[in-house]
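Reader: I'm new to this one. Could you walk me through it and tell me how you know what you say?

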Amino acid sequence: MCSSDLTSLDLARGISIVLVVMGHGVLEHHHPALNDFLSNLRMPLLFLLAGMHLNWRTGLPSTVWRKADGLLKPYVVMALLFGGYAALMGRIDSPLDYVHGVFSFDGLQMPGWLYPMWFLTLLWVLHVAAALAQPWLAPQGQARQGRIWAFTLALGLVGVVAMPGHHDWWTPWRCTGPALSTDAHPLNLDLLPLAGMWFLLGHQLQAPLAQQRWSWTSIVCLMVIAICLQLDWQPHLNMLERRMDSPIASMLVGLCASLGVLGLSQRLSRLPLPTFGLMASGRYSLYLLMFHAPLLSLGSKALQTGLGLEIGRAHV
């Protein structure tokens, strides 16, 4: 991957992080229709970008520890910070419920500051799963490509079938006193099929997209198609509740809009524009995810107390 490709991906990641931050601000309360559209874009774009950085040559032990250091450690650190803050504020009734919320992304139990970081645990699982599948996908040539595409399609089909009726198929755990009930899978494993599809799709599209020379016409057409699909079918994706009102429409909107963002990033990376801010947002995206939520939360409380304004928090 050459430096121009990395710059383009940094820009795309920066745009995705800005969209996440915006989604945790005014969009939910003041622009719900726009936030619905962006909800169908954020998850596919994040996992597509992660898949573009997949390295099949990394062994399983190295992947487990290296990705744990990069993905799980900051997540656990933020969970400990918020846990201490919430305990001091008297907001934790059950430590077991808090631990479950940290590692399951349960919409009823998930600690507030961890909302925008929910996908980090799932990304770690995806990288480990890719390392485990490496021997099966190791042969080069058309056979290998066929296996990956078939597996990607299978994951997408499972994700489409499972997401709308998740209450009927998942069997997760949650501790409520002495009882064990079902709410959400640890490490968000119930979202693995759909996220895995976008992850592998990003890996498969990385080389073709790097060679693609995007025109402004194609970028505009992709975004217009995505917007028209959103306006016509009005698909709603709610990751907290594991709800997709129109799975096929959500996936098509996400694919078209994500390709449009990737094309836009490539074009912007070649223009003499001050895009350093977006690139920095991409390169230091983890820090933005970690600290924008507590800053937004404290700022929202300050504005609500002083001016009676409410910023709110959107679903990721």
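Reader: Let me start with a loop residue. What makes Gln234 count as buried or exposed?

Author: One thing first: this is a predicted model. Gln234 has a relative accessibility of 57%, and exposed means over 50%, so Gln234 counts as exposed. Gln234 sits in the loop between helix H10 (216–233) and strand E3 (237–238). Its phi is near 50°, a positive value in a residue other than glycine.

Reader: Why is Met22 called partly exposed?

Author: The relative accessibility of Met22 is 35%. Buried would need a value under 20% and exposed one over 50%, so Met22 counts as partly exposed. Met22 belongs to helix H1 (residues 3–23). From Met22 to Leu38 there are 16 residues in sequence, and 9.5 Å in space from C-alpha to C-alpha.

Reader: And Leu191, what makes that residue buried?

Author: Its relative accessibility is 1%, and the cut-off for buried is under 20%, so Leu191 counts as buried. You'll find Leu191 in the loop between strand E2 (179–184) and H9. Its C-alpha is 9.5 Å from that of Phe119, although the two are 72 residues apart along the chain.

Reader: How do you know whether helix H11 has the span it should?

Author: H11 covers residues 247–269, which is 23 residues. At 1.5 Å a residue, H11 should span 33 Å, and its end C-alpha atoms are 33 Å apart, so the two agree.

Reader: Why do you say H11 is largely enclosed by the rest of the structure?

Author: Just count the buried residues: 17 of the 23 in H11 are buried, so the helix is largely enclosed. Gly260 is a residue of H11. At 1% relative accessibility, against a cut-off of under 20%, Gly260 counts as buried.

Reader: What does Gly260 touch, leaving out residues up to four places away in sequence?

Author: Gly260 touches Ile219, Leu222 and Met223, where touching is a matter of heavy atoms within 4.5 Å. For Gly260 and Met223, the C-alpha atoms are 5.8 Å apart in space and the residues are 37 apart along the chain.

Reader: Let's turn to the cavities. How many of 30 Å³ or more are there?

Author: The count comes to 3. The second largest has a volume of about 40 Å³, and 40 Å³ is over the 30 Å³ the count asks for.

Reader: Which residues line the second largest cavity?

Author: The lining is made up of Asn40, Met43, Pro44, Leu194, Trp198, Leu237, Met244, Ser250 and Met251. Helix H3 (32–52), helix H9 (192–211) and H11 each supply at least two of the lining residues. H3 gives the most, with 3 residues.

Reader: How does that lining divide into nonpolar, polar and charged residues?

Author: There are 7 nonpolar residues, 2 polar ones and no charged ones. Leu, Met, Pro and Trp count as nonpolar, while Asn40 and Ser250 fall among the polar residues.

Reader: Now the whole chain. How many helices and strands does it have?

Author: It has 13 helices and 4 strands. Of its 316 residues, 51% count as buried. The chain exposes about 15200 Å², and carbon and sulfur atoms supply 68% of that.

Reader: What share of the contacts with a separation of 6 or more comes from residues 24 or more positions apart?

Author: That share is 79%.

Technical notes
Residues numbered from 1 in each chain as written. Predicted model: local features only at pLDDT ≥ 70, side-chain atom pairs only at ≥ 80, totals over all residues. Heavy atoms only, no water. Expected span 1.5 Å × (residues − 1). Buried < 20%, exposed > 50% of the residue type's maximum accessible area, 1.4 Å probe, protein only. 1 Å grid on protein atoms, 1.4 Å probe; cavity = no way out; pocket = protein on both sides within 12 Å on 5 of 7 lines; lining within 4 Å. Points joined across faces, edges and corners; volume = space filled by probe spheres on them. Areas by Shrake-Rupley, 256 points an atom, 1.4 Å probe, with all protein chains shown as cover.
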